[in-house]
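User: Take a close look at the helical packing around the buried part of this chain for me, please. I'd like one connected walk-through, starting from a single residue and working outwards.

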Amino acid sequence: MTLHWLRPLLVLFLLLSGGCSLQPSLIPLQAIWSANPSMLIRLEQETAVGRPAAVSSLLESSRQQWLGGNPDNGLVILHRALRISPDDPLVYYYMAMMQSALGEFHEASQLARRSLTLTDAPLMREQVRLFLDQLNRSTGPDIQGKQTRV
């Protein structure tokens, strides 16, 4: 008798109980995106002035990949967007979010900071700061013993 039906229950239990891992939980970071995709659409719209149509399309595709559970594919798409528009803060922000989902917290922090240096949009700055705060709370010191503080 196979107990394959038990595996999802065990995973859910481990997620709810916090597990026994020394690695930080990714749930709070992922929840920023998946809980409010309308905020991402709003950011795309409010920062769209001067953005090439191709980059807008790539941002939308990367968001869909993320929400579909494919941050690796989303990053590939964002690298194309970055080649077209290397100073777009939203591209850096999306890359930061996807890197954090992949456990690359130091890289995520650097990308988010780069996004902050490139934007004057209040909503964008607020969202990036919230992301960095959540990243700091979720990860603490990174592997090299440095803080990923804002």
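Analyst: Leucine 40 is buried, with a relative accessible area of 4%. Buried here means under 20% relative accessible area, exposed means over 50%, and partly exposed is in between, with a 1.4 Å probe and protein chains only. Keep in mind that this is a predicted model, where local features need pLDDT of at least 70, side-chain atom pairs count only at pLDDT 80 or more, and totals for chains, interfaces and linings use all residues. Residues are numbered from 1 along each chain as its sequence is written, and side-chain values use heavy atoms, with hydrogens and water left out.

Leucine 40 belongs to helix H3, residues 37-46. Helices are DSSP runs of H or I with at least four residues, strands are runs of E with at least two, and both are numbered from the N terminus. Glutamate 60 is 20 residues away from leucine 40 along the chain, with 9.2 Å between their C-alpha atoms.

For the wider setting, the protein chain has eight helices and zero strands, which reads as α-α-α-α-α-α-α-α along the sequence. Of its 150 residues, 39% are buried. Take the contacts (heavy atoms within 4.5 Å) between residues at least 6 apart in sequence: 60% of them join residues at least 24 apart.

Now for H4, where leucine 59 sits. Leucine 59 is buried too, at a relative accessible area of 0%. Leaving aside residues up to four places away in sequence, leucine 59 touches Glu44, Arg51, Leu78, Leu90, Val91 and Tyr94. With valine 91, the sequence gap is 32 residues, yet the C-alpha to C-alpha distance is 7.1 Å.

The buried residues of H4 are Val55, Leu58, Leu59, Ser62, Arg63 and Trp66. Their arc around the axis is only 140°, which puts them on the same side of H4; the arc is taken over the directions from the helix axis to the C-beta atoms. As a reminder, an α-helix has 3.6 residues a turn, so residues three or four places apart point the same way. The length of H4 checks out as well: its 15 residues should span 21 Å at 1.5 Å a residue, and the end C-alpha atoms are indeed 21 Å apart. The expected span is 1.5 Å times one less than the number of residues. After H4 comes glycine 69, with a positive phi near 85°.

On to H5, residues 71-84, whose 14 residues reach 20 Å from first C-alpha to last, close to the expected 20 Å. Its buried residues are Pro71, Gly74, Leu75, Ile77, Leu78, Ala81 and Leu82. They fall within an arc of only 165° around the axis, which places them on the same side of H5. Val76 and Arg83 are exposed on the other side. What covers the buried residues of H5 includes H4 (53-67) and H6 (89-101).

H5 and H6 pack at about 155°, with their axes 10 Å apart. Axes are lines fitted to C-alpha atoms, for helices over the stretch in contact, and angles run from 0 to 180 degrees between N-to-C directions. The two helices are therefore roughly antiparallel to each other (over 145 degrees; under 35 is roughly parallel, 65 to 115 roughly perpendicular and the rest oblique). Their crossing is left-handed, meaning that the near helix is turned anticlockwise from the far one by less than a right angle; clockwise would be right-handed. Among the residues that meet here are Leu75, Leu78 and Leu82 from H5, and Val91, Tyr94 and Met98 from H6.

Next along, H6 packs on H7 at an angle of about 165°, their axes 8 Å apart. That makes H6 roughly antiparallel to H7, and the crossing is left-handed. The H6 side of this interface includes Tyr92, Met95 and Gln99, and the H7 side includes Phe105, Ala108 and Leu111.

Finally, the axes of H7 (residues 105-118) and H8 (residues 122-139) come within 10 Å and cross at roughly 160°. H7 is thus roughly antiparallel to H8, in a left-handed crossing. Phe105 and Ala108 are among the H7 residues in this interface, facing an H8 set that includes Val128, Phe131, Leu132 and Leu135.
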